[in-house]
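Welcome! Please keep the sequence and the structure beside you while you work through the exercises below.

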Amino acid sequence: MTNNADNRILALYGGTFDPIHQAHINTVKAMASEAGLEQVILLPNNVPPHRPQPKADAKQRLMMAQLAVSGDPLFLVDDRELRRDALSYTVETLRQYRAEIGSRRPLAFIIGQDSLLTIDTWHEWDKILTLCHILVCKRPGYSLDFPSEQLADWFVQHLVTTPESLHKRPCGYIFLADTPLFPISATNIRERLKNGEDCSDQLAPAVQDYILAQGLYR
C-alpha cells in the first residue's frame, strides 16, 4: 500500500461487525461494482464512540470478519483499530492510511446514508474529505434531508455524480451509489440467535458455525 503513483482507489469500510452479515458484504460488493473498486479493506471497530459496546469481543469480531470474506479477492481485513486502547476515530485511521499510501493515491471511506446525515457529529468531521473520498451507500426510499443548511451545502459542494471522478483525485469528493436495500440487521440477528433460531439466510456459513461454536449471543 506504499506506491504513491498507484491510482487505484483504496477503499475502507468500518463497522462494529457484531456480527458481520450478508448485508454488509453484499452492499459493499454493489458499491465496488458501481464505483470501480478493486480492493476494500474491512476495519472492525474497537470502541465506537457513538454506539453501545459490542457483544462479541475484539478477537471474535475479527475472526468473524475474516471468515465472512475468506477467499474473496475483493476484501482484506485490517485489525489496526482493534489494537488501539483508545476510542476509534475514523479521522485518525484515515490519517494513518494516508501516511502509508502517500499523497496521490485515491483513498475512500464507505458509509451508509444514515451516517452521512449525521457525519457532522463525528470527531473532526470537516477534515475527512481532506484525506479521502466518501462513498455513500444510498438507501432506496430514504430521503437526503440534512439536519442543517451548513451540512447540506457541504454535501452539494463535494458531490460528484460519476465514479470516474473518484479515480482522478486522491480525496475531496462524495459519491452516492444506488446500492440495494438488504433488510438485515445485526440487532435482529443477535435476537434470533438468542432465541436459538437459524440465521443461515443472513450469515455466511462459516460465520454462523463460528458463532455457534463460540456460544455467542446466547
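**Exercise 1. Find which residue stands opposite Ile110 in E5, then work outwards along the strands.**

Step 1. Opposite Ile110, in strand E5, you will find Leu135. Strands (E, at least two residues) and helices (H or I, at least four residues) are DSSP runs, numbered from the N terminus.

Step 2. A word on the ground rules: this is a predicted model, in which local features need pLDDT of at least 70 and side-chain atom pairs count only at pLDDT 80 or more, while totals for chains, interfaces and linings use all residues. Residues are numbered from 1 along each chain as its sequence is written, and side-chain values use heavy atoms, with hydrogens and water left out.

Step 3. Strand E4 and strand E5 (residues 133-137) run parallel and are joined by five bridges. Two strands count as paired if DSSP finds at least two bridges between them.

Step 4. E4 also runs parallel to E1, with four bridges joining them. Here Leu10 stands opposite Leu107 of E4.

Step 5. E1 in turn pairs with strand E2 (residues 39-44) in the parallel sense, over six bridges. Val40 of E2 is the bridge partner of Ala11.

**Exercise 2. Write down the order of the seven strands in the open sheet, and say which strands stand at its edges.**

Step 1. The order is E3-E2-E1-E4-E5-E7-E6, and the pairing is parallel.

Step 2. The edges are taken by strand E3 (75-77) and strand E6 (159-160); each has a single partner strand, so one side of each is left without a neighbour in the sheet.

Step 3. For E6, look at strand E7 (residues 174-177): the two pair in the parallel sense over two bridges. Leu159 stands opposite Ile174 in E7.

Step 4. Now add a helix. Helix H3 (residues 90-101) packs on the sheet and touches E1, E2 and strand E4 (107-112). Touching, or contact, means heavy atoms within 4.5 Å. The direction of H3 makes about 155 degrees with that of E4; axes are lines fitted to C-alpha atoms, for helices over the stretch in contact, and angles run from 0 to 180 degrees between N-to-C directions.

**Exercise 3. Decide how many of the residues of E4 are buried, and sort them by the way they point.**

Step 1. Buried means under 20% relative accessible area, exposed over 50%, and partly exposed in between (1.4 Å probe, protein chains only).

Step 2. Six of the six residues of E4 are buried, so E4 is largely enclosed by the rest of the structure.

Step 3. Leu107, Phe109 and Ile111 point one way, whereas Ala108, Ile110 and Gly112 point the other way. In a regular strand the side chains alternate between the two faces of the sheet.

Step 4. For E1, five of the six residues are buried, so this strand too is largely enclosed by the rest of the structure.

**Exercise 4. Is Phe175 buried or exposed, and which residues does it contact?**

Step 1. Phe175 lies in strand E7, and is buried with a relative accessible area of 2%.

Step 2. Leaving aside neighbours within four places in sequence, the contacts of Phe175 include Glu34, Ala35, Ile134, Leu135 and Val160.

Step 3. Ala35 is 140 residues from Phe175 along the chain, with 8.5 Å between their C-alpha atoms.

**Exercise 5. Explore the loop between strand E1 (10-15) and helix H1 (22-35).**

Step 1. Phe17 is in this loop. Its phi is near 55 degrees, a positive value in a residue other than glycine, and at 3% relative accessibility Phe17 counts as buried.

Step 2. Pro19 is found in the loop as well; a cis peptide bond joins Asp18 and Pro19, with omega about 5 degrees.

Step 3. Ile20 lies there too, and counts as buried at 1% relative accessibility. Not counting residues up to four places away in sequence, Ile20 touches Ile25, Leu42, Met64, Ala65, Ala68, Leu203 and Val207.

**Exercise 6. At what angle do helix H2 (residues 58-69) and helix H7 (residues 205-214) cross?**

Step 1. Their axes come within 8 Å and cross at roughly 155 degrees.

Step 2. The contact is made by Lys59, Gln60, Met63, Met64, Leu67 and Ala68 of H2 and by Ala206, Val207, Tyr210, Ile211 and Gln214 of H7.
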